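Student: I would like to learn how to read a model like this one, going feature by feature. Could you guide me through it?

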Amino acid sequence: MDQGTMNRRGLLRGAGVASAVALAGVAGASSASASGNEASPTGSWLITHQDDPPGDPTKGLAVASFAAGGVLINHDISPAGPPGTGTWAQTHEGFKGTFWSGQPGPDGPGSPGFTVKIQIRGRVKDDKISGTYRFSVFDPTGAPADSGTGTFSGHRVDA
């Protein structure tokens with residue numbers, strides 16, 4: 001499939017966003033009690049995410065991790081996609097973060113491909129996480145190619 005005929009679903013899946021929501025990282029503390037703050041997202045989460053219409057209606061499953069020091073890592077596991085890395089910060093209302101993902105271009109590894117920026121906002125309550133995301137897709141030249149929004153929710157991954 002060439003880039004001109006690539007549909008939105010293929011573009012986003014290929015860029016690791018299809019169900020890209022949300023989040024990411026290496027775990028700092030693995031539970032709210034370990035972090036001393038129930039509202040902190042520190043740790044890893046199993047997340048379900050879905051784009052808002054007219055986006056891809058397929059729900060995605062990801063593991064997102066938030067580490068002390070602001071490290072955010074996300075990895076879509078169903079459908080599988082490349083990891084995303086970025087940063088997060090606590091806010092008065094919960095947390096916010098930004099992470100990036102991408103894919104090789106049509107000529108394989110080493111050739112320019114699409115990149116995706118995902119911005120998240122969310123809350124943690126009683127070992128449950130939820131929030132919204134906004135994604136922006138950029139073509140191999142860096143020009144905007146697509147964008148959208150969605151929601152996510154999930155629960156902590158126990159050690």
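Tutor: We will go from the overall fold to the loops, keeping in mind that this is a predicted model.

Student: How many strands close into a barrel, and in which order?

Tutor: To read a barrel, follow each strand to its partner: here eight strands close up in the order β1-β2-β3-β4-β5-β6-β7-β8, with antiparallel pairing. From one strand to the next, the twist averages 30 degrees.

Student: How many bridges join β3 to β4?

Tutor: Strand β3, residues 71–78, and strand β4, residues 80–90, are joined by six bridges and run antiparallel; one pair to look for is Ile77 with its bridge partner Ala80 in β4.

Student: Which peptide bond leading to Pro79 should I look at, and is it cis or trans?

Tutor: The angle to read is omega, and the bond from Ser78 to Pro79 is cis, with omega near -5 degrees, while Pro79 itself sits in the loop between β3 and β4. The bond from Pro53 to Pro54 is cis too, with omega near 10 degrees, and Pro54 belongs to the loop between β1 and β2.

Student: Is Asp56 buried or exposed?

Tutor: Buried means under 20% relative accessible area, so Asp56, at 4% relative accessibility, counts as buried. Asp56 lies in the loop between β1 and β2, where its side chain reaches the backbone nitrogen of Thr58 at 2.9 Å.

Student: Is Asp126 buried or exposed?

Tutor: Asp126, in the loop between β6 and β7, counts as exposed because its relative accessibility is 52%, and its phi is near 50 degrees, a positive value in a residue other than glycine.

Conventions
Residues are numbered from 1 along each chain as its sequence is written. This is a predicted model: local features need pLDDT of at least 70, side-chain atom pairs count only at pLDDT 80 or more; totals for chains, interfaces and linings use all residues. Side-chain values use heavy atoms; hydrogens and water are left out. Helices (H or I, at least four residues) and strands (E, at least two) are DSSP runs, numbered from the N terminus. Buried means under 20% relative accessible area, exposed over 50%, partly exposed in between (1.4 Å probe, protein chains only). A polar contact is a pair of N or O atoms within 3.5 Å; within protein, one must be able to donate a hydrogen and the other to accept it, and residues adjacent in sequence count only if both atoms are side-chain atoms. Two strands pair if DSSP finds at least two bridges between them. Axes are lines fitted to C-alpha atoms, for helices over the stretch in contact, and angles run from 0 to 180 degrees between N-to-C directions.
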